[in-house]
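This report describes how the helices and strands of one protein model are arranged. Please view the sequence and the structure alongside the text.

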Amino acid sequence: MRTLHEEPPPAARTMVRFGREMRQAHFNFAPSYTPLNHGSFGAFPSCVREYQRMLQRETEAKPDTFIRFIYPRLLREAREAVAPLLGAETDEVVFVPNALTAINTVLRNVTYQDGDIILYFSTIYDACLKTIESLEETTGVRGHCIELTYPVEDDEILDRFHTAIREIQRKGKSVKLAMFDTVLTFPGVRFPWESLVPICKEYGILSCIDGAHGIGHIDLSDLTRIGPDFFISNCYKWLMVPRGCAVLYVPYRNQGLIRTTYPTAEGYQPVPHRETLSQTSYFVGLFEKVSTIDTTPYICVIEALKFRNQVCGGEECVRNYCINMAKEGGELMATIMGTEVLENKARTLRDCCFTNVRLPLDVAPEGSQQGRREGKIPADEAKAVADWITIATVNEFDTFIATRYYAGAFWIRISSQIYLERADFEWAANVLLDLCSRVRKGIQSSYD
């Protein structure tokens, strides 16, 4: 059995070509399964799986020894390993189980007054919106939504952000905090978070970045120069660690704002005791043990980074392949289906590992019988059709292709990853052509 710090065997360090060869050599998908939706739940290589199992075996062999004495040291090493990816110092980053836990930790530690506003965009992740709505029930804060419909230019997003702040201020209210993404969930596009942070600073607004699709996906090494007040990113999505691991970045200047974890745990100290500690030692101590859960995913960051460096050639190699394959694969799918990829005029939306491709399905106005004869989908049935396509990809083709009716058209989102290649995108396009043909025939036959 490998020890915790033993280097992987030479075979594990052998460079393998990205694409199907990588999938077969290092990942654990079923042979029949085509993984096109990495962005939802991630995936991690076999060496990380074996490392986690080793950690779990050691935990079970000597629970008190491992959890009380070995784990804190390994946790520190994991934080030391992940911090450089954010351009941060070790004591500015802590681990939590997922991005939503971190979002709640930040939002529920901020103190609100009547008239305070949390500013967000309509593209917000739904559970983050629910968190804001929950706060509206228990505090004086209120949410304010900025509507966006893609494709949209980055400059327009910045203009709408400025306008919303000024309108709120004219009403005598104050934007306490703004929350926005690095990469949106759907549509899966790059968001101009780097340009929004300075605007927050200009107006004295706390910036909370939902970087669920961040670390391992886009370059974040310049994060501390950009200077958000809080930054959250899932590690289990794009950094290839087991599910149940996210990183919370809180710069030294803001660590005094974080008074408790959620749930509150043994690291919490009332104000009199807290004041005897440095803000940083208190902040780091809060997150060392928050209830008893399997925290081995946190420590697996170390092994995941070894894999990405030794097998994949480093973070830049992974990013470049995934982003370029997303662009290339999306364009290939659009060509096969005779449609288009989602992009704006400045061509900034596709600087990420997602591609969004329109399906060759037309939508008829509600109540239009002529449209049904022509195989068009009635607008009031569009969501059901999108759901059917998604489910059909699972049940009939052993994959998952997220399909949505968005802005008057049908769009799919596919995640690029080092275990995919052009042939996978080509196959997905042909699957979707088949399903779209069946949808049109079904619409026509239901009319006849």
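In this predicted model, helix α4 passes helix α13 in a left-handed crossing. The two helices pack at an angle of about 45°, and their axes lie 7 Å apart. That angle makes α4 oblique to α13, because it falls in neither the parallel, the antiparallel nor the perpendicular range.

On the α4 side, the contact is formed by Phe66, Tyr71, Leu74, Leu75, Glu77, Ala78, Ala81 and Val82. These residues meet Tyr298, Ile299, Val301, Ile302 and Leu305 in α13. By class, the residues of this contact comprise 12 nonpolar, no polar and one charged.

**The sheet**

The strands form an open sheet of seven, in the order β1-β7-β6-β5-β4-β2-β3, and their pairing is mixed. Strands β1 (93–96) and β3 (142–146) are the edge strands, each pairing on one side only. On average, neighbouring strands of the sheet are turned by 20° against each other, direction ignored.

Strands of a sheet pair through backbone hydrogen bonds, either parallel or antiparallel. One pair in this sheet is β6 (residues 230–234) with β7 (residues 246–249), which run in the antiparallel sense over four bridges. Within this pair, Ser233 stands opposite Val247 in β7.

**Helices lying across the sheet**

Helix α4, already described through its contact with α13, also lies across strands of the sheet, namely β1 and β7. Helix α7 lies across β2 (116–121), β3 and β4 (174–181). The table sets out both helices with their angles.

| Helix | Strands crossed | Angle |
|---|---|---|
| α4 (residues 63–82) | β1 and β7 | about 115° to β1 |
| α7 (residues 154–170) | β2, β3 and β4 | about 160° to β2 |

**Buried helices**

Which residues of helix α12 (residues 279–286) are buried? They are Thr280, Tyr282, Phe283, Val284 and Leu286. These buried residues pack against α4, β1 and α11 (271–274). Helix α4 therefore has contacts with β1 and β7, with α13 and with the buried residues of α12.

Helix α5 (residues 99–109) is largely enclosed by the rest of the structure, because nine of its 11 residues are buried. The buried residues of α5 are Ala99, Thr101, Ala102, Ile103, Asn104, Thr105, Val106, Leu107 and Asn109.

How values were computed
Residues numbered from 1 in each chain as written. Predicted model: local features only at pLDDT ≥ 70, side-chain atom pairs only at ≥ 80, totals over all residues. Heavy atoms only, no water. Pairing = 2+ DSSP bridges. Axes fitted to C-alpha atoms, helices over the stretch in contact; angles between N-to-C directions. Contact = heavy atoms within 4.5 Å. Parallel < 35°, antiparallel > 145°, perpendicular 65-115°, else oblique. Left-handed = near helix turned anticlockwise from the far one by under 90°. Nonpolar A, V, L, I, M, F, W, Y, C, P; charged D, E, K, R; others polar. Buried < 20%, exposed > 50% of the residue type's maximum accessible area, 1.4 Å probe, protein only.
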